[in-house]
Amino acid sequence: MLGFGTVGRGTYEVLRRNQLEIARRAGRGIEVTAIAVRDVDKARASVSPDVRVFPNCEDVVRNPDVDIVLELIGGYEPARALALDAIARGKHVVTANKAMLARHGNELFDAARGKGVMLAFEAAVAGGIPIIKALREGLTANRIEWIAGIINGTSNFILSEMRARGLTFDTALKEAQRLGYAEADPTFDIEGIDAAQKLAILSSIAFGVPINIEAAYTEGITRLAKEDIKYAEQLGYRIKLLAITKRTAAGIELRVHPTLVPLQRLIANVEGAMNAILIKGDAVGTTLYYGPGAGAEPTASAVIADLVDVTRLHTADPENHVPHLAFQASGAGPLPWLSVDDTVTSYYFRMRVADQPGVLADITRNLAEGNISIDALFQREPSEGENQTDIIMLTHDAIERDVNAAIARIEALPTVLAPVIRLRQEELL
Ligand code: NAP
Ligand code: HSE
């Protein structure tokens, strides 16, 4: 085991606590024999004396007695180099590291395929939810149409705590860090990067394309204003940081952004660090997967599921392993990646305007020029003596490129007093 932090400790503890049950399922015992960690003394104090604790990961990776390497240190390097070294030595690798897989997954999976070893990564997406297993194996009959998920526990926790308990953004983030949900650099959580990394992996498995994090449009929750959360609720929507990948006739969409979701959808009511993922397959229809997306033992649950899979298939012919990314390498057919400008979805706008005649007419004329049709609209009642107000509107489906052009024209109007707030909306049917 490389790394003994939140996930490493959780994995060690669950393996220890449930060892008999796990051995009965795996058909043999699974033991942690060696741990590598920077703070050796701290780790030694928490494990049984027969587990060797090393200050260098190489000592574990290069140990001939080690069959399976758990990469639980996180980040890009040295995680990538260590995983490649383990693979080159014919060891199976289990990782929870979506950052590494999103950036270097294609190289790592190629190396694993070349050596006939498993590179398992259930814990890298949606913590304890067995979503990789569901998508890669359970839905294998389907042509996947789209996936939409809450796949970052930290940002969902922050949004929930701000809305339900009135916590400030910073207090909610500190709490998420204290509970072990956040990444070492929490910017990854709150700017949507962690969700985009997980989405890039899901998209690859869903559509049989290489992992391409570069194609992801990424917008986090840091610029979300309280008023928009309130207005969205008034319109019957909740704002969630959604990760969406869709197959369209033109190519594949890959995007993460705050999204208005109808309140009556189950996914709109997923709170705290819980994750939920909707998958639409042509045969099964829409399925929903829900559970804890972060934390020590939920993530350990996924890591150990991989360990048991690897243990069961350890002696199997590599031809009989489930393909790492669901599709046999020769069967993967690339589709073009779409720019976010090509996205077709409906929108929420908030416009700060002068409260005077003709303002609304100017705005709607500009929307009509962009072929953008209004679905609902209301105006905040100005306070006593206030000479400006907010117009809030929902649109029907429109092309993002047309929306951007219309917004630029609207922002140039002298009666529009601030940049237009624009959020995307998904019906998820
Ligand atoms: P963490 O609590 O920060 O633990 C990281 C561990 O790795 C620490 O024990 C650290 O040792 C060790 N480490 C880091 N760099 C090292 C190096 N160069 N050599 C040796 N040891 C090193 O992180 P975590 O939350 O467990 O996350 C681990 C991985 O799981 C990450 O890829 C993360 O994205 C992923 N993940 C986390 C969660 C979650 O809920 N936390 C959920 C799903 C996936 P020291 O403490 O001695 O520095
Ligand atoms: N930081 C991640 C999250 C951990 O909050 O979802 C789980 O991948």
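## A tour of ligand 1 and R380

Start by selecting ligand 1: the space it takes is the largest pocket. Keep in mind as you look around that this is a predicted model.

**Stop 1: the shell.** Now select the residues around ligand 1. There are 22 of them, and the closest are F4, V7, D39, E183 and G295. Try colouring this shell by residue type: you should find ten nonpolar residues, eight polar ones and four charged ones.

**Stop 2: the polar partners.** Next, show the atoms of T6, G180 and E183. At T6, a polar backbone atom is 3.0 Å from an oxygen atom of ligand 1. Move on to G180, where a backbone N or O atom lies 3.0 Å from a nitrogen atom of the ligand. At E183, look at the side chain instead: one of its N or O atoms is 2.7 Å from an oxygen atom of ligand 1.

How much of ligand 1 does the protein bury? Taken alone, the ligand exposes 910 Å², and the protein buries 81% of that. Switching on a surface view is a nice way to explore this.

**Stop 3: R380.** Leave the ligand for now and select R380. You will find this residue in the loop between β13 (374-379) and β14 (388-395). Which side chain does the side chain of R380 make a polar contact with? Show E386: the two side chains meet in a polar contact at 3.2 Å.

Finally, add the other residues around R380. Setting aside neighbours within four places in sequence, R380 is in contact with Y231, R352, E386, Q388, T389 and D390. So E386, your polar partner from a moment ago, appears in this list too.

Definitions and conventions:
Residues are numbered from 1 along each chain as its sequence is written. Chains are lettered from A and ligands numbered from 1 in the order in which they are written. This is a predicted model: local features need pLDDT of at least 70, side-chain atom pairs count only at pLDDT 80 or more; totals for chains, interfaces and linings use all residues. Side-chain values use heavy atoms; hydrogens and water are left out. A residue is near a molecule or strand if one of its heavy atoms lies within 4 Å of it. A polar contact is a pair of N or O atoms within 3.5 Å; within protein, one must be able to donate a hydrogen and the other to accept it, and residues adjacent in sequence count only if both atoms are side-chain atoms. Accessible areas come from the Shrake-Rupley method with a 1.4 Å probe; for residues, only the protein chains shown count as cover. On a 1 Å grid over the protein atoms alone, a cavity is a set of points where a 1.4 Å probe fits but cannot get out, and a pocket is an open set with protein on both sides within 12 Å along at least five of seven lines; lining residues have an atom within 4 Å of a point. A molecule sits in a cavity or pocket if more than half of its atoms lie within 2 Å of its grid points. Ala, Val, Leu, Ile, Met, Phe, Trp, Tyr, Cys and Pro count as nonpolar, Asp, Glu, Lys and Arg as charged, and the others, Gly among them, as polar. Helices (H or I, at least four residues) and strands (E, at least two) are DSSP runs, numbered from the N terminus. Contact means heavy atoms within 4.5 Å.
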